[in-house]
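Student: I should like to be guided through a structure that is new to me. May I put my questions one at a time?

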Amino acid sequence: MNSGLRIIVLIKQVPDIGKVKFNVEEGRIDRSSASLETNPFDLNALETAIQFKEHIGGYVTVVSMGPPQAESSLRDALARGADRAILLTDKFFAGADTLATSYTLATAIRKIGFFDLIICGEKTVDGDTGQVGPEVAEHLNIPHVAYVCEIRSATLDRLLVVSDMGDKYLIEVKLPALITVTKDINTPRLPTLRNVLKAKKANIEVWSADDLADYGELCRFGLQGSMTTVFKIVFPSEEGRRGLIFHGEDAVEKLVEVLRERGFIA
Amino acid sequence: MSSLSLDFIEKLKAIVGEDWVVQGEDLVASYVLDETPPPIRPQPHLDVVVVKPDSSEEVSEILKLANQYNTSVFPRGGGTGLVGGCIPTASGVILSFERMNRIIVDRDNLMAEAEAGATLRDLLNASDEAGLFFPPHPGDEGAQIGGLIACNAGGSRAIKTGVMRNYVRGLEVVLPTGEILKLGGKLLKNNFGFDLMQLIIGSEGTLAVIAKAWIRLYPKFPATATLIIPFESRTTAVKAVPKILHAGILPLALEYVEKIPIERSAEHLGLKWPCRVGESFLIVILAEQSNEALYSQCERLLSLCEEFGSLEPLLAESREEQEYILKIRSEIYSSLKPDMVDILDATVPPASIGFFMDEVERIAKRYNTYLPSYGHAADGNIHVHIMKEQGWRMEDYDKVRDEIYAAAVGLDGTITGEHGVGAVRRKSVDKFLNPTHVKLMKEIKRIFDPKNILNPGKVLP
């Protein structure tokens with residue numbers, strides 16, 4: 001392991017949100033309708049980690065909880081410069097809400113052991129809660145800063161960051177800590193073709209619930225450890241454009257009437 | 001005072017309805033231009049009426065009326081052309097197809113039935129929703145089907161999937177005299193009579209009005225990736241192109257771009273070109289039926305890159321990252337446009353692009369100007385841009401353009417690979433096209449359009 005920051009990046013594989021279809025009747029996302037990709041915000045988190053590694057040295061471990069196919073996102077992270085990849089996959093992890101997910105990730109981080117900095121994307125595009133990162137920090141009892149859009153300075157024991165929560169806050173945080181980052185923080189680099197092909201053959205460590213048994217309580221994983229349940233997802237309906245042409249002397253009155261009916265004017 | 005009679009206008013209104021006849025310079029202004037760079041754009045005639053039909057039958061009635069009144073008709077698609085093909089050069093009717101934009105996808109026959117005014121974006125979306133794919137990408141997604149076919153649009157994917165002509169299986173056209181004619185259909189084979197459909201494809205709205213088309217679709221490519229291969233010099237980049245093809249790699253697109261224009265395009269969009277090294281780049285889009293096939297092509301490409309001495313290639317796999325690269329590539333034209341005099345599309349046999357680009361560089365030096373060049377390297381279709389930069393003198397325009405054309409033709413190429421002739425290249429036809437070819441074209445035009453009412457002042461010298 002190199003000297004420098006020991007960084008853990010948490011990533012999630014999500015459906016391509018630009019393509020995914022919603023089943024309006026059943027109130028659920030049709031996951032088979034789109035390909036899977038790494039949550040875009042997590043690529044910003046990874047890029048932040050790689051830049052730390054380039055500037056002050058370090059070792060980047062990337063962790064994902066998900067089904068076995070999430071392995072491809074971990075390989076992508078290795079291709080982009082991560083040093084180690086761990087997949088948490090087990091049927092006991094399934095059905096987790098943000099609390100159970102963050103507990104499981106925090107348990108895995110305890111098993112990893114030493115770390116200086118944990119970096120997450122600000123949220124996932126399929127869940128949109130922004131809760132998992134800060135919850136992981138709470139489970140580990142370390143300070144955290146959400147919505148970081150800029151790193152002003154970094155040393156091996158503290159960071160000076162700008163957090164964008166509507167207004168911008170300049171915050172100094174002592175390490176070990178966790179930050180979640182926004183898309184504004186950087187533009188994720190593309191991996192080289194060589195590294196993508198190398199990552200296809202790289203070792204991905206796979207940890208099950210049993211592998212975490214010495215570091216956490218099994219009953220707090222997955223559905224069993226979840227305090228919330230999603231009953232239904234409701235989608236706003238989309239209305240297409242419509243053209244209306246008004247003629248005659250009372251055209252303005254008719255237009256006003258239509259605008260009032262639609263609630264655009266009082 | 002309009003030269004179009006009130007009686008004529010009233011009859012147009014009777015055909016399409018009052019709401020769909022637009023008059024007045026202010027209101028027709030957005031229908032008279034296209035994307036042709038302003039320094040060479042023909043002056044549009046503003047004494048025109050815009051008519052918006054809703055069916056082939058209405059188009060037929062309009063053409064019969066125009067014939068009766070000896071009035072010119074200018075069919076207009078999305079207005080994305082680059083040679084003034086839809087600009088009205090005389091008083092007359094602009095046919096705008098925005099109401100005729102319906103698309104029906106026949107999944108069993110892998111065919112789309114699309115009206116002329118449906119856009120390329122509509123076709124891509126409709127195909128995607130039906131679980132199918134329209135393989136070529138013949139230009140701006142706001143372009144309309146009728147215009148794409150009339151201009152036989154090309155685009156960046158021709159190397160693997162061909163141009164518009166290769167996908168049209170049937171057309172419903174309206175002749176200038178008003179007859180509605182169906183040519184072909186949902187057929188993959190059809191040898192009955194002269195192929196008039198292929199004659200109309202690429203005729204730039206001079207022979208018939210395209211009202212509807214049957215377009216072949218394909219199953220989707222489930223595995224795609226976009227590579228950027230950087231090079232220290234243009235020579236090594238260009239030499240790599242035939243080697244990639246010889247190795248049995250047939251990419252969906254193989255584009256050549258240079259550092260200054262691609263970084264300028266990224267900046268124009270507020271983005272960053274992802275490759276930090278290299279002066280010249282090949283953008284390679286791979287599309288395969290499986291990830292295994294895709295990565296096997298990637299492995300071969302990597303060893304080829306080592307062989308031809310490229311810098312480290314980058315790979316984008318997610319849709320968003322692939323689109324990011326494509327977006328920067330697609331917007332080079334827009335970023336150069338404010339300083340552009342003309343965008344050429346001379347095309348040479350693919351193996352000759354190195355010679356062609358060397359010659360373009362010599363011309364640039366000779367006229368002390370900047371001629372940024374990029375494009376569809378594997379098709380031999382390189383877009384040379386004539387720019388108002390570095391001491392450019394407008395009086396050199398004809399000479400610079402003709403020297404570039406002569407260089408292409410001298411290499412057994414053509415002056416236009418995809419943009420067509422339109423109004424702008426018309427004066428080059430006599431100079432660079434065989435006289436017998438021109439004579440036959442004129443005869444054919446006369447047979448289709450005896451009164452020369454359809455898109456006059458275009459294509460033919």
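The exchange below treats the contact between chains, then the domains, a sheet, a helix pair and two hairpins.

Tutor: This is a predicted model, in which local features need pLDDT of at least 70 and side-chain atom pairs count only at pLDDT 80 or more, while totals for chains, interfaces and linings use all residues. Residues are numbered from 1 along each chain as its sequence is written, and chains are lettered from A and ligands numbered from 1 in the order in which they are written.

Student: How many residues of chain B are in contact with chain A?

Tutor: Two residues are in contact if their C-beta atoms, placed from the backbone, lie within 7 Å. On that basis, 16 residues of chain A are met by chain B residues numbering 18.

Student: Which element gives the largest share of the side of chain B that touches chain A?

Tutor: Helices (H or I, at least four residues) and strands (E, at least two) are DSSP runs, numbered from the N terminus. Two or more residues each are given by α10 (291–307), β15 (314–316) and α11 (319–330) of chain B. The largest share, five residues, comes from α10(B).

Student: How far apart are the C-alpha centres of domain 1 and domain 4 of chain B?

Tutor: Chain B is divided into domain 1 (6–99), domain 2 (103–219), domain 3 (223–329) and domain 4 (334–423), with bounds from an automatic or database domain assignment. Domain 1 of chain B places 11 residues in contact with 10 residues of domain 4 of chain B. The distance between the C-alpha centres of these two domains is 32 Å.

Student: Which strands stand at the edges of the open sheet in chain B?

Tutor: Two strands pair if DSSP finds at least two bridges between them. The open sheet has five strands, in the order β5-β6-β10-β8-β9 (chain B), with antiparallel pairing. An edge strand has a single partner, so one side of it is left without a neighbour in the sheet; the strands in this position are β5 (103–106) and β9 (180–184) of chain B.

Student: What is the bridge partner of D106(B) in β6(B)?

Tutor: β5(B) and strand β6 (residues 111–115) of chain B run antiparallel and are joined by four bridges. In β6(B), the residue that partners D106(B) is M111(B).

Student: Why are α3(A) and α4(A) described as oblique to each other?

Tutor: Axes are lines fitted to C-alpha atoms, for helices over the stretch in contact, and angles run from 0 to 180 degrees between N-to-C directions. The axes of helix α3 (residues 98–112) and helix α4 (residues 132–140) of chain A come within 8 Å and cross at roughly 55 degrees. Angles under 35 degrees count as roughly parallel, over 145 as roughly antiparallel, 65 to 115 as roughly perpendicular and the rest as oblique. The relation of α3(A) to α4(A) is therefore oblique.

Student: Which residue stands opposite V148(A) in β10(A)?

Tutor: Strands β9 (residues 144–154) and β10 (residues 158–165) of chain A run antiparallel, joined by five bridges. They form a hairpin with three residues between them. Opposite V148(A) stands S163(A).

Student: Which residue in the turn between β10(A) and β11(A) has a positive phi?

Tutor: Eight bridges link β10(A) with strand β11 (residues 167–174) of chain A, and the two run antiparallel. Across this pair, V161(A) stands opposite I171(A). The hairpin has one residue between its strands, and the residue in the turn with a positive phi, of about 90 degrees, is G166(A).
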